[in-house]
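Okay, thanks for coming, everyone. I'll just walk you through a few spots in this one, so have a look at the screen.

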Amino acid sequence: MFSVVEFLAQLFVLLLGIGFIAVAVFYVIDRSQTKHAVRRNFPVIGRFRYWFEHMGEFFRQYFFAMDREEMPFNRAERSWVYRAAKGVDNTIAFGSTRDLKPRGTVIFVNCPYPTLERDAVETSPVTIGPHCGNPYTTASLFNISGMSYGAVSRPAVLALSNGARMAGVWMNTGEGGLSPWHLEGGADLVFQIGTAKYGVRDDLGVLSEQHLAEIAAHDKVKMFEVKLSQGAKPGKGGILPGGKVTGEIAGIRNIAAGQDSISPNRHPDIDSEQELLDFIETVRGVTGKPVGFKTVIGAYGWIDRLCQEVKVRGEQSAPDFITVDSADGGTGAAPMSLMDYMGLPIKESLPLVVDILTRHGLRDRIKVIASGKLITPGEVAWALCAGADFVASARGYMFALGCIQALQCNKNTCPTGITTHDKSLQRGLDPVDKAERVQRYAQGMCKEVGVIAHSCGVPEPRRLKRFHCRIVQQDGRSVPLDELYPDCRPELVYQRGQSQ
């Protein structure tokens with residue numbers, strides 16, 4: 001009988017032989033191929049370059065990037081969300097690592113006599129769509145932005161919907177239609193109508209008023225959002241790779257399973273401000289619920305023309321809300337040329353839109369939702385200072401679910417189970433536990449934004465104004481936001497009105 005030592009020795013020799021043969025095969029392949037110069041010049045060894053390049057995406061955030069260096073979200077931002085979602089202590093010691101000198105840095109102006117806790121009030125309710133049969137009144141401040149079922153997984157949708165319900169915030173369905181998992185969680189829902197009309201389209205891809213009425217019949221569907229464009233890919237429709245288009249998702253979207261789901265780059269039936277208002281009025285007439293639109297601001301003269309058309313038709317014809325998305329918004333799949341270069345960031349576009357609405361006397365009629373990379377209390381408080389009524393985030397809530405920024409959203413290989421339909425990977429995402437994290441993140445955000453508001457001397461976040469916020473300039477000095485964007489000051493609005 002062989003001894004254990006002899007067996008292991010023979011096994012080692014066998015494995016060594018197999019390894020030698022494999023190296024020889026790869027050597028021949030690499031030497032003879034002509035597509036990769038590195039592998040041709042350095043056979044076998046050159047293959048490690050691609051492995052190191054791939055693994056670098058994961059190791060950089062742990063070993064090499066500083067706390068506030070990494071993109072699109074740095075470790076300090078992600079850590080705040082993780083701690084808030086887990087409900088653990090979110091205080092820090094010794095001093096901030098945030099550099100206050102770079103141009104564009106946001107600084108809030110504290111009041112010498114801040115609001116006492118006993119004087120603080122709950123977030124005030126806001127009514128959207130006063131001319132609708134079923135207006136929507138909510139006190140929610142920080143809501144879940146559009147993530148479609150398909151782009152994110154079933155357990156992720158369940159966790160988000162349940163968490164939103166428990167926190168008292170709304171959840172946007174994204175352009176993929178209404179799934180049973182949106183409804184099962186019981187959250188207030190904003191149904192997004194994308195350019196492909198998923199969920200409300202007929203067999204030809206045209207808006208179906210019958211399907212629209214069926215969606216509106218769900219009590220939990222509170223509003224409808226017409227998606228004109230999205231921050232990460234303005235001018236490009238939604239992209240869901242065929243590997244993520246399961247039979248169930250295909251049924252909800254009324255498309256073929258297993259094939260890439262690519263939406264048109266705009267609504268074929270909306271080609272002007274007049275047609276946009278007509279479309280909004282159609283949806284509002286069928287559903288009886290508030291209707292607005294989501295857009296990335298680039299050119300902005302059309303917002304002026306839209307407001308002028310509203311004044312011709314009457315205030316009731318106005319969109320009930322506008323969601324302003326940022327050029328640095330996120331998505332599961334988009335061309336780099338659009339993600340890197342197209343559209344205005346929220347720091348510029350949000351004040352601009354608010355000012356245009358104010359100049360036309362429509363600021364109270366049309367509510368403003370800010371979206372795009374606003375995941376921490378300082379960023380949300382800035383948006384409220386700039387004039388937003390609400391803030392919506394997708395990636396912030398993804399971090400609350402456990403996202404580790406693996407950058408694999410488009411590959412169906414998400415290691416946390418959030419953006420994959422691989423059952424073995426979804427198994428790691430417990431909808432019950434993650435729903436509680438979503439709830440804690442939303443509540444923690446509102447609490448911390450309230451802390452900023454009270455320090456500024458106002459009793460609740462929606463009373464923050466532009467003079468509460470300063471922006472650092474090139475010379476290192478800060479300037480009040482209301483000096484950079486003065487159009488919202490009542491005296492200037494009055495003067496403009498007198499001169500026009």
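So, which helix is Glu273 found in? That would be α9. Before I go on, keep in mind that we're looking at a predicted model.

Right, Glu273. Is this residue buried or exposed? With a relative accessible area of 13%, Glu273 is under the 20% cut-off, so we call it buried. And what does Glu273 touch, if we skip residues up to four places away in sequence? You'll find Trp302, Arg305 and Leu306 there.

Let's stay with α9, which covers residues 273-287, and bring in α7, residues 209-216. The two axes come within 9 Å and cross at roughly 55°. That angle is why we describe α7 and α9 as oblique to each other. If you care about handedness, the crossing is right-handed.

Who makes that contact? On the α7 side you have Glu209, Leu212, Ala213 and Ala216. Over on α9, the residues are Thr282, Val283, Val286 and Thr287. Sort the residues of this contact by type, and you get five nonpolar, two polar and one charged.

Okay, another helix: α12, residues 346-359. The residue to click on here is Ser349, which is found in that helix. How buried is Ser349? Its relative accessible area is 0%, so buried is the word. Leaving out neighbours within four places in sequence, Ser349 is in contact with Ile297, Val324, Asp325 and Leu344.

Now for some strands. As a quick reminder, strands of a sheet pair through backbone hydrogen bonds, either parallel or antiparallel. In what order do the three strands of the open sheet come? The order is β1-β14-β15, and the pairing is antiparallel. At the edges stand β1, 106-108, and β15, 478-480. Each of those has a single partner strand, so one side of each has no neighbour in the sheet. Going from one strand to the next, the twist averages 35°.

Let me zoom in on β14, residues 469-472, alongside β15. These two run antiparallel, and three bridges join them. If you want a pair to look at, take Ile471: its bridge partner in β15 is Val479.

So, to recap: a buried Glu273, an oblique pair in α7 and α9, a buried Ser349, and an open sheet of three strands. That's my tour, and I'm happy to go back to any of these on the screen.

Note on methods. Residues are numbered from 1 along each chain as its sequence is written. This is a predicted model: local features need pLDDT of at least 70, side-chain atom pairs count only at pLDDT 80 or more; totals for chains, interfaces and linings use all residues. Side-chain values use heavy atoms; hydrogens and water are left out. Axes are lines fitted to C-alpha atoms, for helices over the stretch in contact, and angles run from 0 to 180 degrees between N-to-C directions. Helices (H or I, at least four residues) and strands (E, at least two) are DSSP runs, numbered from the N terminus. Angles under 35 degrees count as roughly parallel, over 145 as roughly antiparallel, 65 to 115 as roughly perpendicular and the rest as oblique. A crossing is left-handed if the near helix is turned anticlockwise from the far one by less than a right angle, and right-handed if clockwise. Contact means heavy atoms within 4.5 Å. Ala, Val, Leu, Ile, Met, Phe, Trp, Tyr, Cys and Pro count as nonpolar, Asp, Glu, Lys and Arg as charged, and the others, Gly among them, as polar. Two strands pair if DSSP finds at least two bridges between them. Buried means under 20% relative accessible area, exposed over 50%, partly exposed in between (1.4 Å probe, protein chains only).
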